[in-house]
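Reader: I have a model open and want to learn to read it. Where do we start?

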Amino acid sequence: MIHVSHSIDIRRSPEDVFAYVTDPANLHTWQDAEAVEQLTPGPVRTGTRFREVHKALGRRRTEITEVVLFDHGRRFAIRVVDGPPVDGRWDFEAIDGGTRVTMTPQVRMPAPIAPFAALATVLVFSRFHRRLKRALETGAAQSSFS
């Protein structure tokens with residue numbers, strides 16, 4: 001089995017980066033989300049579900065995601081309940097001067113296709129992570145922590 005992931009270093013604390021990534025109101029600032037609706041009441045935690053509308057390659061798609069791991073400041077994972085069979089896990093590691101964020105896709109497809117889907121997901125998220133880094137380091141996200 002081939003494992004691929006993408007890491008990026010961000011000059012903010014793991015707690016700040018985790019809070020930003022896991023806040024559905026921020027998803028549009030770093031992913032291709034056009035709308036996010038929290039379907040489960042209360043704070044985001046394991047079991048929380050969302051309806052997300054994404055636009056990719058000129059097409060809109062709606063998916064339902066569920067938080068399957070919520071370890072504040074350390075690890076966050078989602079499972080796509082309705083939509084593409086590609087889940088994701090983000091690890092937040094304290095490094096000198098900030099946080100190393102690593103995203104690892106978990107593809108639920110047949111073996112011949114899965115490595116290509118994982119690589120494609122990592123390529124897309126490398127772009128998303130550059131947006132995340134800009135949002136967190138340039139002040140665009142400062143109001144989220146005031």
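Author: With a single polar contact. This is a predicted model. A polar atom of the Thr-40 side chain lies 2.9 Å from the backbone nitrogen of Arg-49.

Reader: Where in the fold is Thr-40 found?

Author: In the loop between S2 and strand S3 (49–56).

Reader: Is Thr-40 buried or exposed?

Author: Read the relative accessible area. Buried means under 20%. Thr-40 has 18%, so Thr-40 is buried.

Reader: Which residues does Thr-40 touch, leaving out those up to four places away in sequence?

Author: Arg-45, Gly-47, Thr-48 and Arg-49.

Reader: Now the sheet. In what order do the strands run?

Author: Trace the pairing from one strand to the next. Here seven strands give S1-S7-S6-S5-S4-S3-S2. The sheet is open, and the pairing is antiparallel. Strand S1 (6–10) and strand S2 (33–38) are the edges, each pairing on one side only. On average, neighbouring strands are turned by 25° against each other, direction ignored.

Reader: How many bridges join S4 and S5?

Author: Seven, linking S4 (residues 59–71) and S5 (residues 75–82) in the antiparallel sense. Across this pair, Phe-70 stands opposite Phe-76 in S5.

Reader: Which strands do helices H1 and H3 touch?

Author: Take contacts, then direction. Helix H1 (residues 14–22) packs on the sheet and touches S1, S4, S5, S6 (86–95) and S7 (98–107). The direction of H1 makes about 160° with that of S6. Helix H3 (residues 114–137) also packs on the sheet, touching S1, S6 and S7. The direction of H3 makes about 10° with that of S1.

Note on methods: Residues are numbered from 1 along each chain as its sequence is written. This is a predicted model: local features need pLDDT of at least 70, side-chain atom pairs count only at pLDDT 80 or more; totals for chains, interfaces and linings use all residues. Side-chain values use heavy atoms; hydrogens and water are left out. Two strands pair if DSSP finds at least two bridges between them. Helices (H or I, at least four residues) and strands (E, at least two) are DSSP runs, numbered from the N terminus. Axes are lines fitted to C-alpha atoms, for helices over the stretch in contact, and angles run from 0 to 180 degrees between N-to-C directions. Contact means heavy atoms within 4.5 Å. Buried means under 20% relative accessible area, exposed over 50%, partly exposed in between (1.4 Å probe, protein chains only). A polar contact is a pair of N or O atoms within 3.5 Å; within protein, one must be able to donate a hydrogen and the other to accept it, and residues adjacent in sequence count only if both atoms are side-chain atoms.
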